[in-house]
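Me: Could you walk me through a pocket and some ring pairs in this one? I'd like to start with what the terms mean.

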Amino acid sequence: MQLVKGLFKIPAFLLGLFLFAATLALAFLGPLVFHVDVSTRVGDPYMAPSAAHWLGTDHLGVDMLSMLVMGLRASLYVGFLAGVVATIVGTLIGVYGGYKGGLLDDILTVLTNLFLVIPTLIVLILLSSSMDKGRSLTLIALIIGGTTWTWSARAVRAQSSSLRARDHVALARINGFSTLEIVLEQILPYLLSYIFMVFILQTATAILTEATISMLGLGPYDSISLGKILNDAKTNEALIGGKWWAFMPAMVLVTVIAFSLYVINTAMEGVFNPRLRK
């Protein structure tokens, strides 16, 4: 508890938390402040920002602010779901392999290293392009989560291995605790802060990855995301035409989300990592 309180004394953590909270407020509280409608044309294509439309319109004449709110929601959803999937898979493999050791750990390590050397972005592009019009936000998130768990597994395994020789783990083993009980009761509680930091990084990575593949035209068909907004702006020559409101706000939002999460993670590592704390 003392460490958690210490987090709120770190300016970098407060900055990251404020920026991330601001993006969440825009995504989920924005519709309470202004009308959000992405299905109705409200003017001519690429109308400049005005009092009626704060960020102008896109290439179809749809309100750009409404597009950003919906796109931000979609990107956060993909980031959260992919982060959960990657963290759970990586944690289970890393903790179990790190605790058991031996041949099983060697097999899981080889499997992890095998996935680690495969270029994730290329796999994502191939999978997304092969699905044609069946791509959805959930499917994109599952693909990202299922291909980015490897470094989480390696990181958690290293932490789990260091806990295997602790006295409380040895005592639980002597008392006849099963492997599952030892992992859940004696190892995972010591790794919760570390796992949460892994989740933060996985979420940030997933948001950036979704923006990348969507900007390449391989994003979801049924939803608007920040990456899809950037792709629409590129496809419809907003950059060449100097229509900055069609792409700059989306770029800023992606940057702010990733930056805030990385800053939060760095601040947490400085507090929860004993070596850095010293």
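Reply: A pocket here is an open set of grid points with protein on both sides within 12 Å along at least five of seven lines, and its lining residues have an atom within 4 Å of a point. Please keep in mind that this is a predicted model.

Me: ok, how many residues line the second largest pocket, and which lie nearest its centre?

Reply: The lining of the second largest pocket has 19 residues, and those nearest the centre are F20, F196, I200, L261 and I264. The space in this pocket comes to about 340 Å³.

Me: which helices supply at least two residues of that lining?

Reply: Helices α1 (2–7), α2 (11–28), α4 (64–100), α10 (179–215) and α12 (248–272) each do so.

Me: and how does the lining divide into nonpolar, polar and charged?

Reply: It divides into 17 nonpolar residues, two polar ones and no charged ones.

Me: switching to aromatics, how many pairs are there?

Reply: The structure has six aromatic pairs. In one of them, the ring centres of F80 and F199 lie 5.8 Å apart with the planes at 90 degrees, so this pair is edge-to-face. F80 belongs to helix α4 and F199 to helix α10, 119 residues apart, which makes this a link between distant parts of the chain.

Me: are those two buried or exposed?

Reply: F80 is partly exposed, at 49% relative accessibility, whereas F199 is buried because its 17% falls under the 20% cut-off.

Me: which residues do ring pairs link into a cluster?

Reply: Ring pairs join F80, F196 and F199 into a cluster, and F196 is also among the residues nearest the centre of the second largest pocket.

Definitions and conventions: Residues are numbered from 1 along each chain as its sequence is written. This is a predicted model: local features need pLDDT of at least 70, side-chain atom pairs count only at pLDDT 80 or more; totals for chains, interfaces and linings use all residues. Side-chain values use heavy atoms; hydrogens and water are left out. On a 1 Å grid over the protein atoms alone, a cavity is a set of points where a 1.4 Å probe fits but cannot get out, and a pocket is an open set with protein on both sides within 12 Å along at least five of seven lines; lining residues have an atom within 4 Å of a point. Grid points are joined across faces, edges and corners, and a volume is the space filled by probe spheres set on the points. Helices (H or I, at least four residues) and strands (E, at least two) are DSSP runs, numbered from the N terminus. Ala, Val, Leu, Ile, Met, Phe, Trp, Tyr, Cys and Pro count as nonpolar, Asp, Glu, Lys and Arg as charged, and the others, Gly among them, as polar. Rings of Phe, Tyr and Trp (its six-membered ring) pair if their centres lie within 6.5 Å; planes under 30 degrees apart count as stacked, over 60 as edge-to-face and the rest as tilted. Buried means under 20% relative accessible area, exposed over 50%, partly exposed in between (1.4 Å probe, protein chains only).
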